[in-house]
Amino acid sequence: QVQLVESGGGLVQPGESLRLSCVVSGLIFSINDMGWYRQAPGKQREMVAAISIGGGANYADSVKGRFTISRDNAKNTVSLQMTALKAEDTAVYYCYAHLWSLTRGSWDEYWGQGTQVTVSS
């Protein structure tokens, strides 16, 4: 069974930094795209950052220049380095992976359980 487990969330003050990590485990043949979404209270889930298997990255306009996504293909991990955090970055952050599961024998998207990031003074 494929699992995605996030870590690194917490409470920080505006201007501070946090690093989120996500580990993918299970019977996996290959992972294509990986990334992060977030959902603030009363708002729709939105894409934050995505990274391809080759390392090409895309970011939401609201986080460009402040967030950096990276991945370690050998360890099946994706990370999100967040700097200059703002109150509007407060949300539950979810990692996802588009991967081929050996159990299902197909490409599917899998999601983590989410980690809370709160930016407040």
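A: Buried means under 20% relative accessible area. The model considered here is predicted. In it, Tyr96 counts as buried, because its relative accessibility is 7%.

Q: Which class, buried, partly exposed or exposed, does Trp111 belong to?
A: Trp111 is partly exposed, with a relative accessible area of 33%.

Q: How is a pair of aromatic rings described, and how many aromatic pairs does a search of the whole structure find?
A: Two quantities describe such a pair: the distance of the centres and the angle of the planes. Here the search of the whole structure yields four aromatic pairs. One of them joins Tyr96 and Trp111: the ring centres are 5.4 Å apart and the planes lie at 35°, so this pair is tilted. Tyr96 belongs to strand 9 and Trp111 to strand 10 (residues 106-111), so the pair ties together parts that are 15 residues apart in sequence. Another pair is edge-to-face, because the planes of Trp100 and Trp107 stand at 80°, with the ring centres 5.8 Å apart. Trp100 is partly exposed at 27% relative accessibility, and Trp107 is partly exposed at 40%.

Q: Which residues form one aromatic cluster with Tyr96?
A: Tyr37 and Trp111 join Tyr96 in one aromatic cluster. A charged side chain also meets a ring of this cluster: the charged end of Arg45 sits over the ring of Trp111, 5.0 Å from its centre. The charged end of Arg45 also sits over the ring of Tyr94, 3.9 Å from its centre.

Q: How should salt bridges be read, and which side chain meets that of Arg38 in one?
A: Side chains of opposite charge can pair when their charged atoms come close. In this model the count comes to five salt bridges. In one of these, the side chain of Arg38 meets that of Glu46 at 2.7 Å, N to O. Arg38 is buried, with a relative accessible area of 5%, whereas Glu46 is partly exposed at 34%.

Q: Where in the chain do Arg66 and Asp89 lie?
A: The side chains of Arg66 and Asp89 meet in a salt bridge of 2.8 Å, N to O. This pair links distant parts of the chain, 23 residues apart: Arg66 is in the loop between strand 6 (57-59) and strand 7 (67-72), and Asp89 is in the loop between strand 8 (77-82) and strand 9 (91-101). Both Arg66 and Asp89 are buried. A network of salt bridges links Arg38, Glu46, Arg66 and Asp89.

Q: Which residues make a nonpolar surface patch?
A: Leu27, Phe29 and Leu102 make a nonpolar surface patch of about 350 Å². Of these, Phe29 lies in strand 4 (residues 28-39) and is exposed, with a relative accessible area of 63%.

Key: Residues numbered from 1 in each chain as written. Predicted model: local features only at pLDDT ≥ 70, side-chain atom pairs only at ≥ 80, totals over all residues. Heavy atoms only, no water. Patch = residues over 30% accessible without salt bridge, like charges linked within 9 Å, V, L, I, M, F, W, Y side chains within 5 Å. Areas by Shrake-Rupley, 256 points an atom, 1.4 Å probe, with all protein chains shown as cover. Salt bridge = Lys/Arg side-chain N within 4 Å of Asp/Glu carboxyl O. Helix = DSSP H or I, 4+ residues; strand = E, 2+ residues; numbered from the N terminus. Buried < 20%, exposed > 50% of the residue type's maximum accessible area, 1.4 Å probe, protein only. Phe/Tyr/Trp six-rings, centres within 6.5 Å; stacked < 30°, edge-to-face > 60°. Lys NZ or Arg CZ within 6 Å of the ring centre and 35° of its normal.
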